Amino acid sequence: MRRIPFSYSCACKRTCNAATLLSIGTGTENKPGVSPGRDKSADGGLLRAVIDSARVVCRSRLYCRGARPFNLTPYPHHHCASPSTPLKYFLMKPKGMVYLVGAGPGDAKLLTLRGAELLQRADVVVYDALVNQELLRLAPKAAEIIYGGKRSRSAEQGGRRDACPTLSQAELNQLLISKAREGKTVVRLKGGDPYVFGRGGEEAEELADANIPFEVVPGVSSFVAVPNYAGVPLTHREFCSRLTMITGHEDPAKESSTIDWPHVAKTPGTKVIMMGTDKIGQIAATLVANGMSADTPVAMVQWGTTGRQRSIEGTLATIGRVATESKIGPPTVAVIGEVVKLRPKLNWFEHRPLFGQRIVVTRSREQAPQLSQRLRELGAEVLEIPTIKIEDPSNRQDVVDALLELNAYDWLVFTSPNGVTRFFEYFFRQFHDLRDVGGARIAAIGPATAMKLKELHLQVDLMPDDALATSVAEAFAGFETIENLRICLLRAEVANAELPAALEAMGAIVDDIACYKTVPETEDPDHSAAGLLESGADWILFTSASTVEHFHARFDLPALLKNFPQIKLATIGPETSKALQALGLKPSVEAKEHNLDGLIEALLKP
């Protein structure tokens, strides 16, 4: 016999609330007590073929999960067998699946391709405290995101606090099982590798015992990656060819230690201590007491592979004191051995130009990654705190009217990449051929805007360097007279009135068309805003006047600078600087070239 993937429930709703069809043949003859019914749907056609060769057997432990009833005359031995009480079938939901995914050591780019693929189709994501929360953005917007840490997240996120409850391991195991039984795809996102000091093996055992299908996706473990980012190779032909990895959770002084410290001390090669921040002094003393040289080099790395990485060095004799004086806290990885001597020569990550700088990016959520990624590659810790989001303008009819009159315009003037994107979204809803944009010349303010137009294979005829009214007027004056020419100015709903006034002063006929508006963004999915209020930053970058205005509305910028006087402000150009000046503030740097390259260059200048 083979089981048919449908369950059946009784219309009487008594204890026999489910049944299973077992195929006992392939013929089409009618069996006693079974009627094929009159369902004309695709499933009904399949079921009729099955029912013709099936018996209904009551299975009280099964339950239905679906919809759409299909009537059956009950099998004679069924306790509610009655012509007036039909059975109904329900399609069963697909079985859930749990993926134990290694999130890597902290740098979001070290997530595996398989891990990224699974996050993108997850129904539920359960993540640990040490997981880089940038990874949560890979999950679908509809996914349920659950904090699965067993400790307060404020301790793990450098003081950032939130209301997420903690879970015991038993509660966490049950959560994974229950979500999978709901038919969901569950991604259990674990820092480092699930099977390296991560209790992933215990979770996999619980899933197996509950008969829940699962897959384990390895991750880049911090014991390998963190020393790498600190310039310490774990093995080297001239120093060692053996590696010992130890958990530092256990007190080395206790009598019944599961770690054979005398053996560890006598074993040659590199030793890596995971999670030993608070006990590093005791561990070092125990190793020396068991025969290791007190002069053995030691490096400790906190928040390795991230912009918050911090390293200290010492020897077995001094590392306890150095760690206390430097107030280094968890999470750390400690490396003990001669390979630490290579750190000055191989320390590639900590020599990046923006290493140790905490930088706030205020662009919209869609645009922020373009800037954030470049800053991270230069070594910065980036807090993405979008203060604006782009929406349709309040009056979309103006855009529609402009589209209908495109052939009447002499110039189309775009002031930002957002304006290009939004305008052509409307354009392609109305037209299917780019040639319908007409014969108007095109002006783009700034190279980023020009680049956006070039992506559409549109030639830019005029490119003023910035949006200052005087600069735009000078650019047009040097190109041609615009007296009596019709100009369509495509920009944000709230924008500087000086630009259309300057063009009109030159005799142009200007239609100021709002093709988008900026509104406040208040969500804080990765707790970056909480981190800023808790610990401050080194830089806040502003890329438009609206980012300044909305950031100030959310955080009270002068008050924030008073609380954290080390914060410096950077702007992309003079219009953005004007918005700061309206608050009585002055930027520390202003980009000479009013684009992202210019902004980054301004940060890099001493």
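In the predicted model, the side chains of strand E8 are divided between two directions: Thr185, Val187 and Leu189 point one way, and Val186, Arg188 and Lys190 point the other way. In a regular strand the side chains alternate between the two faces of the sheet. Residues on either side of E8 are buried, Arg188 and Lys190 included. Because six of the six residues in this strand (185-190) are buried, E8 is largely enclosed by the rest of the structure.

E8 has parallel pairings with strands E5 and E6. Strand E5 (residues 97-102) is joined to E8 by six bridges, and strand E6 (residues 124-127) is joined to E8 by four. Leucine 189 of E8 takes part in the register of both pairings: valine 101 stands opposite this leucine, and tyrosine 127 also stands opposite leucine 189.

A further sheet contains strands E10 to E14. The sheet is open and has five strands in the order E10-E11-E14-E12-E13, with mixed pairing. Its edges are formed by E10 and strand E13 (310-315); each has a single partner strand, so one side of each is left without a neighbour in the sheet. From one strand to the next, the twist averages 20 degrees. The pairing of E10 with strand E11 (residues 270-274) is parallel and extends over five bridges. Within the E10 and E11 pair, methionine 245 is placed opposite valine 272 of E11.

Helix H6 (residues 222-229) lies across four strands, namely E10, E11, strand E12 (297-302) and strand E14 (332-336). Relative to E14, the helix runs at about 75 degrees.

Methionine 245 belongs to strand E10, which spans residues 243-247. The relative accessible area of methionine 245 is 31%, so this residue is classed as partly exposed. Together with Phe197 and Met275, Met245 makes a nonpolar surface patch of about 230 Å². A patch residue must have over 30% relative accessible area, a condition that the 31% of methionine 245 meets.

Glycine 281 lies in helix H8, which covers residues 280-289. This glycine is also partly exposed, its relative accessible area being 29%. The C-alpha atom of glycine 281 is 8.0 Å from that of leucine 316, although the two residues are 35 apart along the chain.

In helix H18 (residues 545-555), the buried residues are Ser546, Thr547, Val548, His550, Phe551 and Phe555. An α-helix has 3.6 residues a turn, so residues three or four places apart point the same way. Among the buried positions of H18 are Thr547, Phe551 and Phe555. Just after the helix, aspartate 556 adopts a positive phi of about 60 degrees.

For the protein chain as a whole, the secondary structure comprises 21 helices and 24 strands. Of its 606 residues, 50% are buried. The accessible surface amounts to about 28800 Å², and carbon and sulfur atoms account for 51% of this area. Among contacts between residues at least 6 apart in sequence, 67% join residues at least 24 apart.

Note on methods: Residues numbered from 1 in each chain as written. Predicted model: local features only at pLDDT ≥ 70, side-chain atom pairs only at ≥ 80, totals over all residues. Heavy atoms only, no water. Patch = residues over 30% accessible without salt bridge, like charges linked within 9 Å, V, L, I, M, F, W, Y side chains within 5 Å. Areas by Shrake-Rupley, 256 points an atom, 1.4 Å probe, with all protein chains shown as cover. Salt bridge = Lys/Arg side-chain N within 4 Å of Asp/Glu carboxyl O. Buried < 20%, exposed > 50% of the residue type's maximum accessible area, 1.4 Å probe, protein only. Pairing = 2+ DSSP bridges. Axes fitted to C-alpha atoms, helices over the stretch in contact; angles between N-to-C directions. Contact = heavy atoms within 4.5 Å.
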